[in-house]
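Colleague: I'm still new to this, so could you take me through the aromatic rings slowly? Please explain the terms as you go, and then show me what surrounds the rings.

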Amino acid sequence: MGKQNKSSNATSQGKQHFSHPHILKPIVNPPETLTCNACEQPNNNKPNFHGCNSCQYFLHDNCFNAPRFLNHSSHPSHPLTLHQIPPYSSRSYSCKACGSAGNGFCFSCAACEFDIHLQCASSPSSILVNNHPHQLELHFGSPYEDKNIKYNCDMCNVIMNRDDWLYYCGGCDFGSHLHCAITSPEVGVFPKQQRPIPNSYSNSNPSQNSNSNLNPNAAVEMINSVNAAHEQLIAAQIRAQFVARGQEAALDLI
């Protein structure tokens with residue numbers, strides 16, 4: 001009995017994450033200088049961290065719990081895959097949400113070269129700001145029918161990129177950059193996601209839906225099937241990306 005309790009306590013104090021080979025443990029009273037390796041954001045609001053002190057590798061808890069796959073309304077054609085390193089030779093990407101560069105974790109569709117920061121991916125669908133009395137809604141690009149119209153951010157007065165996301169009040173024609181509306185961006189809580197795997201375990205029958213009766217071999221097979229599906233999805237996205245680039249190169253040559 002004592003050994004079981006000891007193991008349970010050890011497990012509760014540390015967690016494994018796919019991005020790091022060591023167990024990540026809770027960081028008590030993290031310093032303000034601590035930066036998350038996933039979202040590359042500093043410890044502004046003193047959120048909870050898990051980390052590996054020996055490797056100086058740290059993750060906000062919300063970044064730690066980000067899903068491996070994300071169905072996001074900004075890119076409805078494909079699910080986005082969470083990458084520790086951008087899936088490009090440059091090891092960097094340009095965020096389709098805010099337009100800034102990133103080197104840390106990203107949600108990516110490699111086939112479409114669509115990549116967004118974790119904190120952008122978790123942007124709330126609506127927000128209240130001090131500079132405007134009404135609720136602002138999240139838009140994935142220009143809010144106007146005529147996409148050639150230029151417009152400024154009403155909070156910083158800088159001309160906005162028409163492809164970038166923004167918060168907007170249609171009644172007042174008031175728009176804002178993401179970073180102007182959210183001055184201290186951090187990764188929020190993601191909604192629970194469905195894993196894009198062939199086998200469905202969502203049967204309403206509790207006896208068929210319970211994993212508590214699985215023997216160890218069946219559990220290992222289930223884990224392997226999820227990992228295999230994940231690798232196949234990433235490989236398919238990268239293959240599609242190479243094909244698209246090859247077609248562009250052929251057109252340039254012609």
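Modeller: Sure, let's start with what a ring pair is: rings of Phe, Tyr and Trp (its six-membered ring) pair if their centres lie within 6.5 Å, and planes under 30 degrees apart count as stacked, over 60 as edge-to-face and the rest as tilted. Ring pairs tie Y144, Y151 and Y168 into a cluster. Before we go on, this is a predicted model, where local features need pLDDT of at least 70, side-chain atom pairs count only at pLDDT 80 or more, and totals for chains, interfaces and linings use all residues. Residues are numbered from 1 along each chain as its sequence is written, and side-chain values use heavy atoms, with hydrogens and water left out.

By the ring rule, the count is 4 aromatic pairs. Take F18 and F105: their ring centres are 6.2 Å apart and the planes meet at 45°, so this pair is tilted. It links distant parts of the chain, 87 residues apart, with F18 in the loop between β1 (15-17) and β2 (20-27) and F105 in the loop between β8 (101-102) and β9 (106-109). Those β labels are strands (E, at least two residues), which like helices (H or I, at least four) are DSSP runs numbered from the N terminus.

How buried or exposed are these two? Buried means under 20% relative accessible area, exposed over 50%, and partly exposed in between (1.4 Å probe, protein chains only). F18 has 33%, so F18 is partly exposed, while F105 is buried because its value is 2%.

Back in the cluster, the rings of Y144 and Y151 have centres 5.5 Å apart and planes at 65°, so they are edge-to-face. Both Y144 and Y151 are buried.

F18 has another neighbour too: the charged end of R68 sits over its ring, 3.7 Å from the centre. For that label, NZ of Lys or CZ of Arg has to be within 6 Å of the ring centre and within 35 degrees of the ring normal.

Now for Y168, look at the strands. β12 (residues 136-139) and β13 (residues 166-169) run antiparallel and are joined by 3 bridges; two strands pair if DSSP finds at least two bridges between them. Within that pair, H139 stands opposite L166 in β13. Zooming out, the open sheet has 4 strands in the order β11-β12-β13-β14, with antiparallel pairing. β11 (126-127) and β14 (174-176) are at the edges with a single partner strand each, so one side of each has no neighbour in the sheet.
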